[in-house]
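I opened this entry to look up how one strand sits among its neighbours and what the nonpolar packing looks like. My notes follow the model below.

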Amino acid sequence: MLVDWTFAELQKITNGSNSPINESIKIKGFSIDTRSLKQGDLFCALKGEHHDGHDFLLKAYENGASCFLLSDTNKNIPSLPFIKVDNVLKALERIAKNTRKRIDARFIAITGSVGKTGTKEMIKLALSRVGKTFANKGNFNNHIGVPLSMSNAPYDSDYCILELGMNRKGEIKKLSNLVSPEIGIITAIENSHLKGLKTLKNILEAKSEILDNIRKDGCFIYNADTNYSEELKQKAEKINIRTIISYGKNEKSDIQLLNKKKIKDKYLIEAKYFKKKISWKMPDLSDHWYINSLCILGIGRYCGLNISSLLDSLENFKLPSGRGNLVYVEKWLKKFYIIDDSYNSSPASLSASLDKFNKMKFTGNKIAVLGDMNELGENSEILHLNMKKKLEKTNINIIFTVGKYMKKLSQELPSSIRKMHFEDIYELEDELKKIVCTNDCLLFKGSHSTELYSVVKKISGVNHDL
């Protein structure tokens, strides 16, 4: 259940004014979207770059909102109580901060260039074995999604897991200040968000902002295989975070991935866990999933939890949609497979996806559908062209590309590789219909803005949880 807020309490917390008070109102949740709003939710009328929540007050009323949080009373307001504030987002942040104080849970914050969402979902699955666990959904990891998620956290949670995203310096600092995590995790420092941050060193600085807000008696867990891992450790030591735990393939890691063995349709994962050996089963996934699962052992160690109980749950782990899911499709009078890795893309995640695809065996053709990797700034072209050698070494039969940078990559690939570039995704879909045969497998990989996910949805019916 949600924290038991009264209307008067929320008005006081948000510094609201000019509001008809109704003490009998029961607020069951907080919403910014009328499409997902539930009966009894307080509707927050955010003003954005493209949309104004005040234009949807009537729709929120029709969908069962209990009251409104708004900043503009010049709009038509349905006959529901409302709290008027100067800034709706800042008011939502105040609600989130107060929720944080009221919930007696262990808060875990996760950031990193890649691997945030999958790691969050694995941790949520594992911790659900030992307590009531809450995590932010889908892509609710930004300056709006995090305070909204925190405000909706159940008061009886034992663990609250918040994924933190960013595009520029200062964002992780603000979000982690809001979360005030007991445990902070950094999954990777890789080439991503370079448009706003320019260099890998700046990405390090931006991601490591989380360290300033981890409780000093808390725990910092980091990937020892990533760029600047030693700098992360030194930063954590310098600010005296009591417990620092590393994980990865690096033999110096506190928790080290040693091996994986195929057992029927699963893999037995073997790891060194503070000089002990431990093993557990997981589905057939890319190696980076196994590496990031190691941070669960770090959480278990710090919290004094039963490690076996945590890891047993991972045998049934399912990938979040768009992160490499294998989908069986019957379409166009054919039966084939899709690897849906269309949620996002970066040099590190594309490389991992191609490695996994290269190892998979299918009787039909392997077709890679690659969209641009966005937000790479002035290095965009070179980072795309850097994928040339990897693509040349794969056993992929056909390469389709979408986007201006992937077009340049396609032009650089040798003529011996069967390839085709498309200016829009509709032409791509038409060509796939012609070329795909039974038993083929298609890998879809691209940044979200390339909208490859919409092609996947149209062909397979799979919809991302956004």
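I count two strands as paired if DSSP finds at least two bridges between them. The model is a predicted one.

**Strand pairing.** I looked up strand E9, residues 219-223, and what lies beside it. E9 and strand E10 (residues 243-248) are joined by five bridges in the parallel sense. I checked one position here: tyrosine 222 has serine 246 in E10 as its bridge partner. Between E9 and E10 the chain passes through helix H9 (residues 229-238), and I noted this β-α-β crossover as right-handed. Strand E8, residues 183-186, also runs parallel to E9, with four bridges. There, isoleucine 185 has isoleucine 221 of E9 as its bridge partner.

**Burial.** Next I asked which residues of E9 are covered on each side. Cys219, Ile221 and Asn223 are buried on one face, and Phe220 and Tyr222 are buried on the other. That leaves E9 with five of its five residues buried.

**Cores.** I then looked up the largest nonpolar core, which has 75 residues. Phe30, Leu69, Leu164 and Phe220 touch the most other members. Helix H3 (residues 88-102) contributes the most to this core, namely six residues. I listed the contacts of leucine 164, leaving out residues up to four places away in sequence. Among them are Ala109, Ile110, Val146, Ile172, Leu175, Val179 and Ile210, and also Thr111, Lys116, Asn141 and Ser176. A second core, separate from the largest one, has 42 residues, including Leu127, Ile269, Ile291 and Tyr302. For context, nonpolar side chains tend to be buried together in soluble globular proteins.

How values were computed: Residues numbered from 1 in each chain as written. Predicted model: local features only at pLDDT ≥ 70, side-chain atom pairs only at ≥ 80, totals over all residues. Heavy atoms only, no water. Buried < 20%, exposed > 50% of the residue type's maximum accessible area, 1.4 Å probe, protein only. Helix = DSSP H or I, 4+ residues; strand = E, 2+ residues; numbered from the N terminus. Right-handed = clockwise from strand over helix to strand, strands pointing away. Core = buried A, V, L, I, M, F, W, Y, C linked by side-chain atoms within 4.5 Å. Contact = heavy atoms within 4.5 Å.
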